[in-house]
Amino acid sequence: MADAQVLGAAKTKKVKLDDVAFGARFNGPLVHESVRAELNARRKGTASTKTRAEVRGGGAKPWRQKGTGRARAGSSRSPIWTGGGITFGPKPRNYTFKVNRKERRAALRSALSVHAERGTIAILDPSPFTAPSTKQAHELIESWPARPNGGSVLVVLSDDQVDVALSFRNLARVSVLRADEVGVADLVGAASLLVSEDALSDLTLRAKGEKSTAADAAGTDEEAETEAVSEAGEEE
């Protein structure tokens, strides 16, 4: 069973990592497909060029067909003319493609397991961050012995850890994301991974395909509200 060092704690301690989420075998093709899907989904796909039919002007024949000694030309908006249309240029399109849910989870487990195997994952103790402090966050990262020199760091936090997020967000080569926002591309692109204990549990549940306690509670509240509305409608 893999473990991770706790940074920021008063005493040196380690946290055991889940074998299912952090002990999977690396699947290169699956990780590659998931990374491609995530990066493609981030593309806006708004690049657009005009064809010769869409470029303004060029309605009249530039010169007569014969007798001028010049090449034949039917429109000044031909692709070979300056200011003419673009041949095979980009048009607005959607670059996304589907990756099955089980494949995404397997790719997420592979990326997490690589960090666990290399020892580039650590657990963040958020208790010292009573207020936003970039200096404190910088000192914490610099005190991490297993971090590659100058390597990028991905900090994964829960929704309520605002002060911690404000402390890390201005550091060079440091990215801050919520546990539900972390993708395979983010994990693969980071040299090291720093996760809070709350975010670690949510990330583990995501990798295992299980719902978090907060999500279950939200679902229960929604069901109760729906039942209350339906009961009120029946009474009316």
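A residue counts as partly exposed when its relative accessible area falls between the buried class, under 20%, and the exposed class, over 50%. Keep that scale at hand, because Trp-81, at 30%, lands in the partly exposed class. The model in front of you is predicted. Let us walk through it, beginning with the overall layout and then turning to the side chains.

The protein has 8 helices and 6 strands. Reading from the N terminus, the elements follow the pattern β-β-α-α-α-β-α-β-α-β-α-β-α-α. Of its 236 residues, 33% count as buried. If you take the contacts between residues at least 6 apart in sequence, 69% of them join residues at least 24 apart.

Now look for the sheet. Strands of a sheet pair through backbone hydrogen bonds, either parallel or antiparallel. Here, 6 strands make an open sheet in the order E2-E1-E3-E6-E4-E5, and the pairing is mixed. Which strands stand at the edges? They are E2 (14-16) and E5 (174-178); each has a single partner strand, so one side of each is left without a neighbour in the sheet. On average, neighbouring strands of this sheet are turned by 30° against each other, direction ignored.

For a detail inside the sheet, follow strand E1, residues 3-7, which runs parallel to E3 and is joined to E3 by 3 bridges. Val-6 stands opposite Ile-123 in E3. A helix also meets these strands: H7, residues 197-208, lies across E2, E3, E4 (153-157) and E6 (192-196). The direction of H7 is at about 105° to E6.

Next come the aromatic rings. A pair of aromatic rings is described by the distance of the centres and the angle of the planes. The structure holds 2 aromatic pairs. One of them joins Trp-63 and Trp-81, with 5.8 Å centre to centre and 35° between the planes. Why is this pair called tilted? Planes under 30 degrees apart would count as stacked and those over 60 as edge-to-face, so an angle of 35° leaves the pair in the tilted class. Both Trp-63 and Trp-81 lie in the loop between helix H2 (28-41) and helix H3 (101-118), so the pair ties together parts that are 18 residues apart in sequence.

The other pair is formed by Phe-129 and Phe-168, again tilted, at 5.7 Å centre to centre and 45° between the planes. This pair links distant parts of the chain, 39 residues apart: Phe-129 is in the loop between strand E3 (121-124) and helix H4 (134-142), while Phe-168 belongs to helix H5, residues 162-168. Are these two rings' residues buried or exposed? Phe-129 is buried, with a relative accessible area of 6%, and Phe-168 is buried as well, at 0%.

Aromatic faces also meet charged side chains. Arg-70 lies over the face of Trp-63, at 4.0 Å from the ring centre, so Trp-63 has a place both in this contact and in the tilted pair with Trp-81. Elsewhere, Arg-43 lies over the face of Tyr-95, at 3.7 Å from the ring centre.

That brings us to the salt bridges, of which there are 7. Start with Arg-42 and Asp-186, whose closest N and O atoms are 3.2 Å apart. Arg-42 sits in the loop between H2 and H3 and Asp-186 in helix H6, residues 184-189, so this salt bridge spans 144 residues of sequence. Asp-186 has 19% relative accessibility and counts as buried, because the limit for that class is under 20%.

A second salt bridge brings Glu-54 and Lys-91 together at 2.8 Å, N to O. Both residues lie in the loop between H2 and H3, 37 residues apart. Glu-54 is partly exposed at 41% relative accessibility, and Lys-91 is partly exposed at 34%.

Finally, turn to Arg-178 and Asp-159, where the closest N and O atoms of the salt bridge are 2.9 Å apart. Arg-178 is in strand E5 and Asp-159 in the loop between E4 and H5, 19 residues apart. Arg-178 is partly exposed, at 34%, whereas Asp-159 is exposed, at 56%. Which residues are joined with these two into one network? Asp-180 and Glu-181 are, through salt bridges that share partners.

Key. Residues are numbered from 1 along each chain as its sequence is written. This is a predicted model: local features need pLDDT of at least 70, side-chain atom pairs count only at pLDDT 80 or more; totals for chains, interfaces and linings use all residues. Side-chain values use heavy atoms; hydrogens and water are left out. Rings of Phe, Tyr and Trp (its six-membered ring) pair if their centres lie within 6.5 Å; planes under 30 degrees apart count as stacked, over 60 as edge-to-face and the rest as tilted. Helices (H or I, at least four residues) and strands (E, at least two) are DSSP runs, numbered from the N terminus. Buried means under 20% relative accessible area, exposed over 50%, partly exposed in between (1.4 Å probe, protein chains only). A charge sits over a ring if NZ of Lys or CZ of Arg is within 6 Å of the ring centre and within 35 degrees of the ring normal. Two strands pair if DSSP finds at least two bridges between them. Axes are lines fitted to C-alpha atoms, for helices over the stretch in contact, and angles run from 0 to 180 degrees between N-to-C directions. Contact means heavy atoms within 4.5 Å. A salt bridge is a side-chain nitrogen of Lys or Arg within 4 Å of a carboxyl oxygen of Asp or Glu.
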